[in-house]
Amino acid sequence: MNNWVQNDMLLRVVSVALAIMLWGSVTDATFTAPTDGDRTQIRDISVAVKYDKNRYELVEQPQKVMLTLYGKDAQLERFPSTYQVFVDARNVGAGTHSLPVQVEGLPKGMTKQVEPKEIKVHLEEKVQKEMIVRAEFVGDVPDGFKVSQPIINPSKVLVRGSESTLERVTSVKVMIHLNKQEQSFDKQLQVQAYGESGVLRQVDVNPETVHVQVPINIPNKEVPLQVGVEKGPPPGYAVEEITTNVNKVTVYGPEDYLEDLQVYSGPKLDLSNVKRDQTILAPIPVQEGAIKVEPKQVEIYVKMVRAETKTFKEIPIELTGLREGATAEIISPAGGKLNVTLSGSPAQLAKLNHTDIKTLVDVSNLPVGTHEVPIQFILPSYVEVVGQPEPKAKIKIAE
């Protein structure tokens, strides 16, 4: 026994072993296996990756980990959610790296264990390319309105990301919502990168927004304004002249409507109680097919005079609408001619001759036989037929 105690080498070995066991009991939290009552496990924790986002792109999210926490029951029950599980890739370059999982923000006195302890992180160096910004419309403008090509400033942006991601970028676009807009507008819009499946979130666009001007207009056409008389002056009076302060108007509407528009029909005057000169301010109506008219009103000057009459003899009657294979004969008035008495201003009547007066009879769709058909008059402005209320012609139709 004394020999064993006096053995210097043996005492040294035992001392070192006791020192190692004592150090391990103080520093290693897992040395004493905890019981189920003082630990908790959190599964499927997403791991944040700290890296230089200006130079690299994280190609895919790393695997999730399980975190086991050890501590007193009170600590575990009031465990804060502000902790962070992460790997630090700020000092590594492009490529695949196995990095230790770190945990920050745990309460004092609480220990942890992460499984797995290391995870793989794949970084790719970012590259960039310049792309033209395209515009895509959402919705539409009202019928008849037209959207012109938007003006985008700047027209090009830099798209930055990993090489594999940039290969998937097919376009960069701004989405312009029209929402039945009737006027031109401009606004700052976000630019987004698109691939075949839609928006690509993994790329950076610089600048992130651009200024967009969207011209919205209505096709228009300038045509002469025609002012009509809906009800003529009282007996014994006539219109010598009607003038307006504008001769032409700008009509806005669909292109197919404007294509055939030659004259715009303006206000229709009621002169049934007018016996002297008048100046009338009348709104210009928006006719069916048009969207708007400029100007919106017109000033009309009506010059009135005492009416006179004048008779024009043997005005030939013209037949219209005769079907193929049929013949028509005017039985009366005799000779197919008619005397017409017109009422109007002296100046107007003095300028008229026989060629200014047309009488028409429409025989469209008339069957074989004899028919009485109304006679229609095509006359110069501001004159009217008098003394012949509802004149008719007798027409014989034959094959």
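At 52% relative accessibility, above the 50% cut-off, K180 counts as exposed in this predicted model. The residue is placed in the loop between β13 and β14, and its phi is near 60°, a positive value in a residue other than glycine. A second case of this kind is D44, which is not a glycine either and has a positive phi of about 55°. D44 belongs to strand β1, residues 39-45, and with a relative accessibility of 60% it counts as exposed. Most residues other than glycine have a negative phi, and most peptide bonds are trans.

Two cis peptide bonds can be described alongside these backbone features. One runs from E294 to P295, with omega near 0°, and P295 is found in the loop that lies between β25 and β26, the latter covering residues 297-306. Another joins S332 and P333, where omega is about 0°; P333 sits in the loop between β28 and β29, with β29 formed by residues 337-344.

Considered as a whole, the chain contains 6 helices and 34 strands. Its C-alpha trace spans about 170 × 55 × 45 Å along the principal axes. The radius of gyration is 48 Å, whereas a compact globule of 399 residues would have a value near 21 Å. Of the 399 residues, 33% count as buried. Among contacts between residues at least 6 apart in sequence, 71% join residues that are at least 24 apart.

The largest nonpolar core comprises 26 residues, of which V157, V159, V169, V172, V174, V191 and V212 touch the most other members. At least two residues of this core are supplied by each of the strands β9 (118-138), β12 (156-162), β13 (171-177), β14 (185-190) and β18 (209-214). Apart from this core lies another, of 23 residues, which includes V49, F79, V87 and I119. In the 26-residue core, the surroundings of V157 can be listed in detail: leaving aside neighbours within four places in sequence, V157 is in contact with K129, E130, M131, V133, V172, V191, V205, N206, P207 and V210.

Strand β12 also holds S162. This serine has a relative accessibility of 1% and therefore counts as buried. Its side chain is joined to that of T165 by a polar contact of 2.7 Å. When residues up to four places away in sequence are not counted, S162 touches E57, E124, E125, K126 and V127.

Strand pairing was examined in two open sheets. Strands of a sheet pair through backbone hydrogen bonds, either parallel or antiparallel. One open sheet consists of 4 strands in the order β23-β20-β22-β25, with mixed pairing. Its edge strands are β23 (264-270) and β25 (292-294), each of which pairs on one side only. On average, neighbouring strands of this sheet are turned by 40° against each other, direction ignored. Strand β20, residues 220-231, pairs with β23 in the parallel sense over 5 bridges. Within β23, L269 is the bridge partner of V229.

The other open sheet has 3 strands, ordered β28-β34-β31, and its pairing is antiparallel. Strands β28 (327-332) and β31 (369-374) stand at the edges with a single partner strand each, so one side of each is left without a neighbour in the sheet. From one strand to the next, the twist averages 35°. The antiparallel pairing of β31 with β34, residues 392-398, extends over 6 bridges. In β34, I397 serves as the bridge partner of G369.

A final site is S381, located in the loop between β32 (376-378) and β33 (384-385). With a relative accessibility of 45%, S381 counts as partly exposed. The C-alpha atoms of S381 and P285 are separated by 21 Å, and these two residues are 96 places apart along the chain.

Definitions and conventions
Residues numbered from 1 in each chain as written. Predicted model: local features only at pLDDT ≥ 70, side-chain atom pairs only at ≥ 80, totals over all residues. Heavy atoms only, no water. Buried < 20%, exposed > 50% of the residue type's maximum accessible area, 1.4 Å probe, protein only. Core = buried A, V, L, I, M, F, W, Y, C linked by side-chain atoms within 4.5 Å. Contact = heavy atoms within 4.5 Å. Pairing = 2+ DSSP bridges. Axes fitted to C-alpha atoms, helices over the stretch in contact; angles between N-to-C directions. Polar contact = N/O pair within 3.5 Å; in protein donor to acceptor, adjacent residues only side chain to side chain. Rg over C-alpha atoms; globule rule 2.2 N^0.38 Å.
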